[in-house]
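Got your viewer open? Let's take a short walk through this one, picking a selection at each stop.

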Amino acid sequence: MLATETLLPDDVGIARACEVLAGGGLVAFPTETVYGLGADARDDMAVARIFDAKGRPRFNPLIVHVASPERAKHYVEWSDMADRMARAFWPGPLTLVLPLRDGHGLSPLVTAGLPTLAIRVPTHPLASELLNRYDGPLAAPSANPSGRISPTSAGHVLDGLKGRIEAVLDGGPCEVGVESTILGLAGEPTLLRPGGIPAEEIEAVLNAPLRLQADTDALTAPGQMSSHYAPGAPVRLNATSRENGELLLGFGHMDCDLNLSERGNLTEAAANLFRALHDLDAQNAPAIAVAPIPDIGLGRAINDRLRRAAAPRT
Ligand code: TXA
Ligand code: MG
């Protein structure tokens with residue numbers, strides 16, 4: 001159990017939040033929509049801890065929060081359409097999904113291995129202040145345990161996550177109360193999630209009707225696609241040794257080609273998962289074998305993702 005600190009919305013509180021984030025800690029902070037559970041988006045271990053604290057059974061990609069559109073351009077391929085949307089709605093409750101930019105430096109766990117990134121510039125003054133002072137991108141899903149409703153006050157955050165996170169920055173109740181609207185701009189503009197900005201307002205700026213994400217469309221819920229991140233090589237699970245030329249991805253102390261966590265730590269394994277699959281794939285292995293991962297805590301999310309990677313390809 002961690003002693004979760006409640007930080008006041010003043011200089012001292014923000015400075016402490018920055019210190020905790022820089023040390024790889026988790027800080028819940030208010031946005032205009034709901035409270036987010038923030039971690040430095042460049043820090044694999046910190047991002048893995050978000051999933052652990054929320055008890056998420058799978059790695060859904062996370063929204064990255066930045067202080068300004070200028071900062072967003074460091075991480076995504078900007079476009080005229082992105083510019084129009086940002087000018088109309090940022091800062092505010094609109095998330096844009098755009099192609100990841102080369103050299104982005106974010107943890108692959110943030111995008112769950114996807115080539116796109118969900119990013120937004122919140123308008124809540126305390127969120128802006130924190131993002132400006134921290135001077136780094138914050139990955140932040142809603143600050144509630146998985147399956148519970150999103151928190152709109154520091155009290156809600158503590159009800160769900162006290163003892164599981166380092167701190168909550170108390171900025172009072174959130175104004176909007178529903179999550180941001182998510183607009184996909186990696187292809188045709190598509191409404192991926194209704195939210196704080198009405199679709200009609202986006203259509204007015206677009207001057208065209210918005211595509212709605214069809215249920216069958218692969219992008220609806222990227223975390224739900226079965227071979228959402230599949231390496232080129234076939235993947236065999238629960239392997240205890242190599243067979244015919246396989247590269248073995250290990251867990252715990254064992255003989256293998258790459259280890260998710262020598263010390264058998266599930267948070268560390270989660271932090272390394274996507275990078276490890278990419279690295280083994282890059283070695284052109286004929287096949288990848290993966291050691292058994294305990295199906296508890298973050299191990300469930302790791303196994304969910306590994307099952308997708310091992311799913312038959314279409
Ligand atoms: O208002 C909000 O958006 C709040 C505050 C904290 O900013 N955050 C939030 O995050 O609602 P979360 O993790 O609860 O929801 C993120 C949603 C998920 O449904 C996820 O699938 C989607 O964003 N998402 C993230 N990255 C994506 C991507 N690359 N492509 C499509 N959807 C993505
Ligand atoms: Mg949520």
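How far apart do the C-alpha centres of domain 1 and domain 2 lie? Keep in mind as you look that this is a predicted model. To find out, colour residues 5–212 as domain 1 and 235–310 as domain 2, the bounds given by the domain assignment. The two C-alpha centres are 29 Å apart.

Next, look at where these two parts meet. On the domain 1 side, 15 residues are in contact with 15 residues of domain 2. Together the two domains bury about 1400 Å² between them, and 62% of that is on carbon and sulfur atoms.

Now select ligand 1 and show what is around it. You should get 21 surrounding residues, the closest being Thr 33, His 65, Thr 116, Ser 180 and Arg 193. Colour this shell by residue type and it splits into 11 nonpolar, 6 polar and 4 charged.

Zoom in on three side chains here:

- Thr 116 puts a polar side-chain atom 3.0 Å from a nitrogen atom of ligand 1.
- Arg 56 has a polar side-chain atom 3.3 Å from an oxygen atom of the ligand.
- Ser 142 also places a polar side-chain atom 3.3 Å from a ligand oxygen atom.

Switch on a surface: on its own, ligand 1 has 690 Å² of accessible area, and the protein covers 91% of it.

Last stop, the cartoon view. Pick out strands E4 (63–65), E6 (116–120) and E10 (190–193), the elements that give two or more residues to the shell around ligand 1. Which of them gives the most? That's E6, with 3 residues.

Methods:
Residues numbered from 1 in each chain as written. Chains lettered and ligands numbered in written order. Predicted model: local features only at pLDDT ≥ 70, side-chain atom pairs only at ≥ 80, totals over all residues. Heavy atoms only, no water. Near = heavy atom within 4 Å. Polar contact = N/O pair within 3.5 Å; in protein donor to acceptor, adjacent residues only side chain to side chain. Areas by Shrake-Rupley, 256 points an atom, 1.4 Å probe, with all protein chains shown as cover. Helix = DSSP H or I, 4+ residues; strand = E, 2+ residues; numbered from the N terminus. Nonpolar A, V, L, I, M, F, W, Y, C, P; charged D, E, K, R; others polar. Domains from an automatic or database assignment. Contact = heavy atoms within 4.5 Å. Buried area = accessible area lost by both parts, 1.4 Å probe.
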